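Q: I'm new to this one, and I'd like a close look at a single part of it. Could you walk me through it in plain words?

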Amino acid sequence: QFNRFLGILRLHLQGTTPVRVARVERSWTQARLAERLHTTTRTVSKIERGQTNISLEQFAHMPANWIA
């Protein structure tokens, strides 16, 4: 538990995007998130690195408890 907390804290400190932090907190793979968003793992990777934005269509498929 504590090691997982440290890993998530490290992500926050590295300036990782909220999408990646939320995914890691839930122990989801990029593949699982990509399936949920109806996209590819490559797109999820780009979203997590801030190279592209999530589309409105993808946002609509985002798990409700990820949206704050």
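Among contacts in the protein chain between residues at least 6 apart in sequence, what percentage join residues at least 24 apart? With that settled, please zoom in on Arg23 in helix 2 and what is around it.

A: Let's start with your number: 36% of the contacts between residues at least 6 apart in sequence join residues at least 24 apart. Keep in mind that this is a predicted model. The mean pLDDT of the protein chain is 82, and 81% of its residues reach 70 or more. That confidence isn't even along the chain: helix 1 (residues 2–13) has the lowest mean pLDDT of the elements, at 68, while helix 3 has the highest, at 94.

Now a quick sketch of the whole. The chain has five helices and zero strands, so reading along the sequence gives you α-α-α-α-α. Of its 68 residues, 29% count as buried. About 4900 Å² of the chain is exposed, and carbon and sulfur atoms supply 53% of that.

On to Arg23. You'll find it in helix 2, which covers residues 18–25. Its relative accessibility is 9%, so Arg23 counts as buried, the cut-off being under 20%. Arg23 has company there: Val19, Val21 and Ala22 are also buried residues of helix 2.

What does Arg23 touch? Setting aside residues up to four places away in sequence, the list is Trp28, Thr29, Gln30, Leu33, Glu48 and Trp66. Let's take a few of those partners in turn.

Glu48 is the one with the opposite end of a salt bridge. The closest N and O atoms of Glu48 and Arg23 are 2.4 Å apart. This pair links distant parts of the chain, with Glu48 in helix 4 and Arg23 in helix 2, 25 residues apart. Both partners are buried. The salt bridges come to two in total, and the other one joins Arg26 and Glu25, with the closest N and O atoms 3.6 Å apart. Here the surroundings read differently: Arg26 is partly exposed, at 27% relative accessibility, and Glu25 is partly exposed too, at 34%.

Follow that bridge over to helix 4 (residues 41–48), and you see that Glu48 is one of its buried residues, along with Val44, Ser45 and Ile47. These residues sit on the same side of helix 4, because they cover an arc of only 160° around the axis. There's a general pattern behind this sort of thing: an α-helix has 3.6 residues a turn, so residues three or four places apart point the same way. The buried residues of helix 4 pack against helix 2, helix 3 and helix 5 (56–60). After helix 4 comes Gly50, with a positive phi near 75°.

Trp28 is next on the list of Arg23's contacts. It lies in the loop between helix 2 and helix 3 (30–37). Its relative accessible area is 12%, so Trp28 is buried even though it is in a loop. Besides Arg23, Trp28 is in contact with Leu33, Arg36, Pro63 and Trp66, leaving aside neighbours within four places in sequence.

That loop has another residue to look at. Ser27 is found there too, and it takes a positive phi of about 60° just after helix 2. As general background, most residues other than glycine have a negative phi. Ser27 is exposed, with a relative accessible area of 52%, whereas Trp28 is buried. His38 also has a positive phi near 60°; its place is in the loop between helix 3 and helix 4, and with a relative accessible area of 55%, His38 is exposed.

Then there's Leu33, another contact of Arg23. Leu33 is in contact with Val19, Arg23, Trp28, Val44, Met62 and Trp66, again leaving aside neighbours within four places in sequence. Several of those names come back in the largest nonpolar core, which has ten residues: Val19, Ala22, Trp28, Leu33, Ala34, Leu37, Val44, Ile47, Met62 and Trp66. Helix 2, helix 3 and helix 4 are the elements that give two or more residues to this core, and helix 3 gives the most, with three.

Put together, Arg23 is a buried residue of helix 2 that bridges to Glu48 and touches Trp28, Leu33 and Trp66, among others, and those three belong to the largest nonpolar core.

How values were computed. Residues are numbered from 1 along each chain as its sequence is written. This is a predicted model: local features need pLDDT of at least 70, side-chain atom pairs count only at pLDDT 80 or more; totals for chains, interfaces and linings use all residues. Side-chain values use heavy atoms; hydrogens and water are left out. Helices (H or I, at least four residues) and strands (E, at least two) are DSSP runs, numbered from the N terminus. Buried means under 20% relative accessible area, exposed over 50%, partly exposed in between (1.4 Å probe, protein chains only). Contact means heavy atoms within 4.5 Å. The arc is that of the directions from the helix axis to the C-beta atoms. A nonpolar core is a set of buried Ala, Val, Leu, Ile, Met, Phe, Trp, Tyr and Cys residues joined through side-chain atoms within 4.5 Å. A salt bridge is a side-chain nitrogen of Lys or Arg within 4 Å of a carboxyl oxygen of Asp or Glu. pLDDT is the predictor's confidence in each residue, from 0 to 100. Accessible areas come from the Shrake-Rupley method with a 1.4 Å probe; for residues, only the protein chains shown count as cover.
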